[in-house]
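Colleague: Could you show me how to read a model like this one? For each feature I'd like the general idea, then the case at hand.

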Amino acid sequence: MNRLTDLRFLIGILFSVYGVILAIYGLASHPSTQTVQWNIDLWWGLLSLVFGLAFIVWSNVPEKDED
């Protein structure tokens, strides 16, 4: 299968890019509110980055041939 048409790879790239952008925003601005005292942008960005990297790794796993 062509790598660029693999939906897992494209989703992984999308979540990785959004995760990096959100994590950088969280590091730069450190937003906090009265109800959320921790840096939700940083943690959500890191979670999105891990999710995206997992999809990229999953897209590189070779498929088993069913005979």
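Colleague: Let's begin with accessibility: is Phe-55 buried or exposed?

Modeller: With a 1.4 Å probe and protein chains only, buried means under 20% relative accessible area, exposed means over 50%, and partly exposed is in between. Phe-55 is at 17%, so it counts as buried. Phe-51, at 37%, is partly exposed. Bear in mind that this is a predicted model: local features need pLDDT of at least 70 and side-chain atom pairs pLDDT 80 or more, while totals for chains, interfaces and linings use all residues. Numbering runs from 1 along each chain as its sequence is written, and side-chain values use heavy atoms, without hydrogens or water.

Colleague: How many aromatic pairs does the structure hold?

Modeller: Rings of Phe, Tyr and Trp (its six-membered ring) pair if their centres lie within 6.5 Å; planes under 30 degrees apart are stacked, over 60 edge-to-face, and the rest tilted. This structure has three aromatic pairs. In one of them, Phe-51 and Phe-55 have ring centres 4.8 Å apart and planes at 50 degrees, so that pair is tilted. These two sit four residues apart in helix 2, about one helical turn. Phe-55 also pairs with Trp-58: the centres are 5.5 Å apart and the planes at 80 degrees, which means edge-to-face. That partner, Trp-58, is partly exposed at 46%. Ring pairs join Phe-15, Phe-51, Phe-55 and Trp-58 into a cluster.

Colleague: Which charged end sits over the ring of Trp-58?

Modeller: The test asks for NZ of Lys or CZ of Arg within 6 Å of the ring centre and within 35 degrees of the ring normal. Here the charged end of Arg-8 passes, 5.1 Å from the centre of the Trp-58 ring. Arg-8 has a polar partner too: its side chain contacts that of Asp-6 at 3.0 Å. A polar contact is a pair of N or O atoms within 3.5 Å; within protein, one must be able to donate a hydrogen and the other to accept it, and neighbours in sequence count only through side-chain atoms on both sides. Asp-6 lies in the segment before helix 1 and is buried, at 9%. Its C-alpha is 9.8 Å from that of Asn-60, 54 residues along the chain.

Colleague: What span should helix 1 have?

Modeller: Helices (H or I, at least four residues) are DSSP runs numbered from the N terminus; the expected span is 1.5 Å times one less than the residue count. Helix 1 has 23 residues, so 33 Å is expected, and its end C-alpha atoms are indeed 33 Å apart. Its buried residues include Gly-12, Ser-16, Gly-19 and Ala-23, and helix 2 is among what covers them.

Colleague: And the loop: where does Asn-39 lie, and which residues does Asn-39 touch?

Modeller: Asn-39 is in the loop between helix 1 (7-29) and helix 2 (40-60). Contact means heavy atoms within 4.5 Å. Leaving out residues up to four places away in sequence, Asn-39 touches Gly-26, Leu-27, His-30 and Pro-31. Its side chain reaches the backbone oxygen of Gly-26 at 2.7 Å, and Asn-39 is buried at 8%. His-30, just after helix 1, takes a positive phi of about 45 degrees.

Colleague: What does UniProt list for "transmembrane region"?

Modeller: Its unreviewed entry gives residues 7-28 and 40-61; such annotations may be inferred rather than shown by experiment. In the model, residues 7-28 are 100% helix, while residues 40-61 are 95% helix.
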